[in-house]
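Thank you all for coming. I would like to take a few minutes to walk through one model with you, slowly and part by part.

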Amino acid sequence: MSTRARRSSFPKVVIERDTDTDESSDEEEEVENDVVESDDEEEEVEIEDQKVEDDVVEDKKGKTPITISLKKVCKVCKRTGHQAGFQGATYIDCPMKPCFLCKLPGHTTVNCPHRVAMEFGVIPASRKRTHNSLDYVFERQLRRGVPSIKPAFVIPDEVNCAVIRYHSRRVTCLEFHPTNNNVLLSGDKKGQLGVWDFGKVYEKTVYGNIHTCLLNNMKFGPANDGTVYTVSSDGTVNCTDLETGLSTSLMDLNPNGWQGRNSWRMLYGMEFNAEKGLVLVADSFGYLHMVDARANSKTGDSVLIHKKGTKVVGLHCNPLQPDLLLSCGNDHFARMWDIRHLEAESCLHALPHKRVVNSAYFSPSSGSKIVTTSIDNRIRVWDSIFGNLDTPSREIVHSHDFNRHLTPFRAEWDPKDPSESLVVIGRYISENYNGAALHPIDFIDISTGQLVAEVMDPNITTISPVNKLHTRDDVLATGSSRSLFIWRPKEKSEAVQEKDKSKIMVCNTKNSKKFGNESDNDDDDDSGDDFSSKKGKGLKKKKANIVITTSKSSKKKKP
């Protein structure tokens, strides 16, 4: 085939360019075009005639020209002429949309008053007096344990040790061991369960045969601290022995395997009722299921607790009254239930939200407060479950409106705070710290809306959506992408001049990037709800090479 014939087989390519000139420059160009000589006009006419002939030839051959647009397209409103959205770690506002942080028009995200002062517009609510029997019980029995003078907050603000690329996929949940202070459990998107003794740092154990996809939640059994219960998007509830790694399936909502997206049930929320020995789990269709931990089998009927077809992403039992259950889901509601009289549409109260509710928790000591996290960038607080629950006591604006490739942000209580006012949550929008774009972890006083502390490390450039405070020690565990970090207060950390690299363990070093340059999202990381991409694929077991870096030498160890 000749070169000329080969070139004619390709369609015509038209390139559209975006002009940055203003109206005045356009008018000047029009004036200049009006005084062009006649020769140029004849040449333009000939060029236009040639373009028409070329178009006719292309139409006869049945080939349409390919248009390549180089115009600026906004990622937010999809319109041309401007650019907005995240450009790397910096967010550029769209002039056609309201503020990304507070969702209100009239200002940009950079100038948002809530970003300058988080407590802006937050007014502490007065105690709602109801003068009923429940309020009397609250004042006499529950409030006695809450001190009238708020103690000083202890903030873990320095990375004490870390394990880099511990998991092969992003971390989805964390849980501290109930009796061993130095053991942290972590689940990932691949369904693996990690057991890390951060007191010894280099000991790594990952069980890859627990689930086949996202491990969404885990709880320890109250009778045996060596047993952990887990739920996953594969629709199973498993009981795992941490010493042997042997897992027993207690319930499977998809016994027939993959039958299509519309029938596949995924489990998200999970809670343990120790008094009744029940494992409460909630699925992606709005139903609550109960598993008898003593008989290792499902008990009772499934109950619709949220709108049918919507995910129930969180469950939490009241610490003093376990029969009182709090749930939250994608139907924009958090609901309170009495397990003793559990049936459809029998909720004690519904707490409305504007968007999806990621989490809802009772306060850890008295169980009288409620804090919820919604992706409308609001943390909502109810000061008393015995008062008026129609509206929250206060709303705190905070940046946690995440994308599909991140684990949802959740405001977690500090279980050691007797005043029940300190919560921890990661931040989505990055901030500039000495030229580096970092995503800090925020400690917020929910009684005033004040930002108590924002902790960050220059080596952690990824977003940290999963955070867990220790129940007994001043320790914060963070799951950022595939890595785990342990934070302690500076005064309790070792006083050394240089960073002690013997406490930083790097896993999966083959073809990996340097510590601190890991991307926010994995290249092959897709939505956690997209199970169709995983059907028919078996779980591949891979042994990760562990490199322990010390200040003098390097050691290698295989798990």
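I will begin with how the model is to be read, then turn to a sheet, a core, one asparagine and some cysteines.

This is a predicted model, in which local features need pLDDT of at least 70 and side-chain atom pairs count only at pLDDT 80 or more, while totals for chains, interfaces and linings use all residues. Residues are numbered from 1 along each chain as its sequence is written, and side-chain values use heavy atoms, with hydrogens and water left out.

Let us start with the sheet, where 4 strands are arranged openly in the order β22-β23-β24-β25, with antiparallel pairing. Strands here are DSSP runs of E with at least two residues, numbered from the N terminus, and two of them pair if DSSP finds at least two bridges between them. Because β22 (357-362) and β25 (394-397) each have a single partner strand, they stand at the edges, and one side of each is left without a neighbour in the sheet. Strand β24, covering residues 378-382, pairs with β25 in the antiparallel sense over 4 bridges, and Arg-380 has Glu-395 in β25 as its bridge partner.

Next comes the largest nonpolar core, a set of buried Ala, Val, Leu, Ile, Met, Phe, Trp, Tyr and Cys residues joined through side-chain atoms within 4.5 Å, where buried means under 20% relative accessible area with a 1.4 Å probe, protein chains only. This core has 19 residues, of which Val-371, Ile-379, Ile-396 and Ile-444 touch the most other members. The elements giving two or more residues to it are β24 and β27 (422-426).

Now to Asn-467, which sits in strand β32 (residues 466-469); is this residue buried or exposed? Asn-467 has a relative accessible area of 5% and is therefore buried. Its side chain makes a polar contact (a pair of N or O atoms within 3.5 Å, one able to donate a hydrogen and the other to accept it, where residues adjacent in sequence count only if both atoms are side-chain atoms) with the side chain of Thr-478, at 2.9 Å. A polar atom of the Asn-467 side chain also lies 3.0 Å from the backbone oxygen of Ser-464.

Finally, the cysteines: the structure holds 0 disulfides, a disulfide being a pair of cysteine sulfur atoms within 2.5 Å. For Cys-77, the closest cysteine sulfur belongs to Cys-94 and is 3.6 Å away, too far for a bond. Cys-112 is in no disulfide either, as the nearest cysteine sulfur, that of Cys-102, is 3.7 Å away.

Terms used:
Buried means under 20% relative accessible area, exposed over 50%, partly exposed in between (1.4 Å probe, protein chains only).
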